Structure formats: structure tokens, C-alpha cells
Amino acid sequence: MDTNNFKLYKIAVLIPCYNEEQTIAKVVKDYKKIFPNADIYVYDNNSTDYTQRNAFEAGAIVRICKAQGKGNVIRQMFREIEADCYIMTDGDDTYPPVPEMFSQIVDNKVDMVIGDRLSSTYFRENKRLFHNSGNRIVRWLINTLFEVKVKDIMTGSRAFSRQFVKTFPVLSKGFEIETEMTIHAAAHNMRMVEIPVEYRDRPKGSVSKLNTYSDGAKVLGTIISLFKNYCPFKFFGILSFLLMFVATLFIVPVLSAYRQTGVVEKFPTLIVCGFTYLVAFLSLFTGLVLSNLNKKEKQDFEWKLVQLELMKNTQESIQKLGEYK
């Protein structure tokens, strides 16, 4: 790849940080070496150590995000920073810089590049209990529910186009943000490409802020919530089917006894099953209505992409006119 292309585009390296004084300087220097013309942004998220000082001394642009949580940091980053290519990594030195991410965004017009750890060294390097199985569960759920084929859902090594960054509504507050990014791209038919990246476990003394159980539960909750929002007919259709199945399971013996004796022996069961069927039909029609609204939202989103491109072209034309004068 011709690294001279780096000079033609504005590149922003985004590093959300919380208490990473041990590794942040190395991460900044590694990215400055590979992307010498990039702006390296370190957003400190209320660190109590020397993360800010070490990042600044290494040559990064240091900014502060007071709202705790990785999702909150990324929300602020995406709102404040303007660039042609955004490259995101963690401050714990677990991911090396990958120049190919830049070429995928700029040359191949990809919306999001995913650094795939799971196909390289993750399962060998990662020493944290249950993280491997948790990654597999999340990957299976998303690929099944959203009909995509993404190998690494939870990776923090990613690159984005300006189009993705400026149209992505960040809702998550914490580590579930990576899941939200992947689902958003899949639901809006945005181009995703995976590149195998080397993963190395945290150095001794560096502590992960990810809680396997609480953050894992938040990720699963995010998947269910986004499945309801992005695929309402599927969500409420499954709910309707389950309610009908349960109601049928209980009402069949009641109707069978009535057919034989002419007497309804379990009126409460019959009444509850009737209401359950009613809720099931309401759920199905709710899914239909929300599905139509969701289709309208996707149409509005496509128009928003067109407006964003027009705005970018206008800004570039004004800039060139100013340079000409």
C-alpha cells in the first residue's frame, strides 16, 4: 500500500482511555509511526493515574470526557472530530496498528472495518475466564438474529468512514457499544469488512475494566433491545408464536375434555388461554405496524446519507474556491 496516500486524507486515530498510564504512550507512538500525518486523539474518561500526562508527552491530542463509560466517550468523539477516516483502538496495547484499515475505508469505500481477533491470536493470548465463550455466544446471537456473518463482534480495533461516524446514533453507555456498532451497520446495509489482526494480552500490571458478568449481561440486553428496534416484525412474530404455543399447550386438554364430557372443567385455564391468544394477535399486529415504521426510518436514513455526501462535496468546493482565490 502506498503510504503517501496518508497525506491526501485527514486521518483521526481515536483512543478512549481509563487508567492506562502503563501502555498509552506506547500505543500513541506506535500509531504515530504507522500514520505519521494522523491526528491522535486520546479521550481520558476520568482516569486517576497519569494517563493524560503520558499521552500528551507521547504526542497525542488529549481531551476529557466526564461521562463515565466507553459508549459515552465514543459519542463525544464522533460528535467533535472531523476526518475522512477514523481508526479506533484501545489504550491497553492489545492491538497493533493496521494500515490496511485505512485503504479499506478510503480506496474500497467500506463503512466499517472490523479488526478480527478471533481468527488470529485471541483464544491463545486471552487469559480472562469466560471471555472466550462469551464472545462465541454474542457472535452466534448477532449472526443468527441479524443474518450476518461477522466473526468478531466485541473487538475494539475498528475503522470507520465519515459517513458511518456522522450517522451513527450512539445509545450505549458502556462496553456494549461495539455490539451496537455492528448491529447498526448490519441493519442499515452498510459495508463491513473484517481483517485479521494480531491480539496480545494486556501486559502484567494492566487491568481490564470489562466485567465479564455485568457487562456481558448489558451486551445481551443491548442485542435484544436492538433486535426489537431494527427487526420488529421478527421480534414480535417470535413473541406471538411463543404465546400461541403456550396457550395451545394448555387449552388442548381443556377442549379435549369438553369434547368427551360436554363440560368445561377448567374455566380459569380457558379464560387465561383466551387472553393469551388475544395478546399473541396484538403482538403480531404490533410487529406489522412497527415494521412499516422501521421501513420508513430506513428510507429517511438513506436520504440522510445523500444529504451528508452533498454537504461534504459543498464544503470541499468552498475550500477549493478559497484556495484558488
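Helix H1 covers residues 24–34, and Ile 34 is found in this helix. The structure described here is a predicted model, and Ile 34 makes a convenient place to enter it. With a relative accessibility of 30%, Ile 34 counts as partly exposed, because buried means under 20% and exposed means over 50%. Although Ile 34 and Pro 99 are 65 residues apart along the chain, their C-alpha atoms are separated by 7.1 Å.

The wider setting comes next. The secondary structure of the protein amounts to eleven helices and seven strands. Of the 325 residues in the protein, 44% are buried. Among contacts with a separation of 6 or more, 76% are accounted for by residues 24 or more positions apart. The protein exposes about 17400 Å², and 60% of this area is supplied by carbon and sulfur atoms.

Turning to the interior, the largest nonpolar core has 41 residues, and the members that touch the most others are Leu 14, Phe 78, Phe 160, Phe 164 and Met 181. Apart from this core lies another, of 30 residues, which includes Ile 15, Ala 60, Met 101 and Ile 105. Leu 14 itself is worth a closer look. Neighbours within four places in sequence aside, Leu 14 is in contact with Tyr 41, Met 77, Phe 78, Ile 81, Tyr 86, Ile 87, Met 88 and Thr 89.

Cysteines can be treated briefly. A search of the whole structure finds zero disulfides. Cys 85 is buried, with a relative accessible area of 0%, and Cys 231 is also buried, at 16%.

Charged side chains offer a second way to follow the fold. The count of salt bridges comes to eleven. In one of them, the side chains of Lys 26 and Asp 93 meet at 3.4 Å, N to O. This pair links distant parts of the chain, 67 residues apart: Lys 26 belongs to helix H1, while Asp 93 lies in the loop between strand S4 (85–88) and helix H4 (99–106). Lys 26 counts as partly exposed, at 41% relative accessibility, whereas Asp 93 is buried, with a relative accessible area of 11%.

Another salt bridge brings together the side chains of Asp 90 and Lys 70, at 2.9 Å, N to O. Asp 90 lies in the loop between S4 and H4 and Lys 70 in helix H3 (residues 70–80), so this salt bridge ties together parts that are 20 residues apart in sequence. Asp 90 is buried, with a relative accessible area of 15%, and Lys 70 counts as buried at 11% relative accessibility.

Arg 117 and Asp 152 provide a further example, their side chains meeting in a salt bridge of 2.7 Å, N to O. Here the distant parts of the chain are 35 residues apart: Arg 117 is in the loop between strand S5 (112–116) and helix H5 (122–125), and Asp 152 is in the loop between helix H6 (131–146) and strand S6 (158–161). Both Arg 117 and Asp 152 are buried. Elsewhere, salt bridges that share partners join Lys 26, Asp 30, Asp 93 and Arg 200 into one network.

The surface completes the description. A nonpolar patch is formed there by Ile 238, Phe 241, Leu 242, Phe 245, Val 246, Leu 249 and Phe 250, which together have about 730 Å² of accessible area. Phe 245, one of these residues, has its place in helix H10 (residues 232–261).

How values were computed: Residues numbered from 1 in each chain as written. Predicted model: local features only at pLDDT ≥ 70, side-chain atom pairs only at ≥ 80, totals over all residues. Heavy atoms only, no water. Patch = residues over 30% accessible without salt bridge, like charges linked within 9 Å, V, L, I, M, F, W, Y side chains within 5 Å. Areas by Shrake-Rupley, 256 points an atom, 1.4 Å probe, with all protein chains shown as cover. Salt bridge = Lys/Arg side-chain N within 4 Å of Asp/Glu carboxyl O. Helix = DSSP H or I, 4+ residues; strand = E, 2+ residues; numbered from the N terminus. Core = buried A, V, L, I, M, F, W, Y, C linked by side-chain atoms within 4.5 Å. Buried < 20%, exposed > 50% of the residue type's maximum accessible area, 1.4 Å probe, protein only. Contact = heavy atoms within 4.5 Å. Disulfide = S-S within 2.5 Å.
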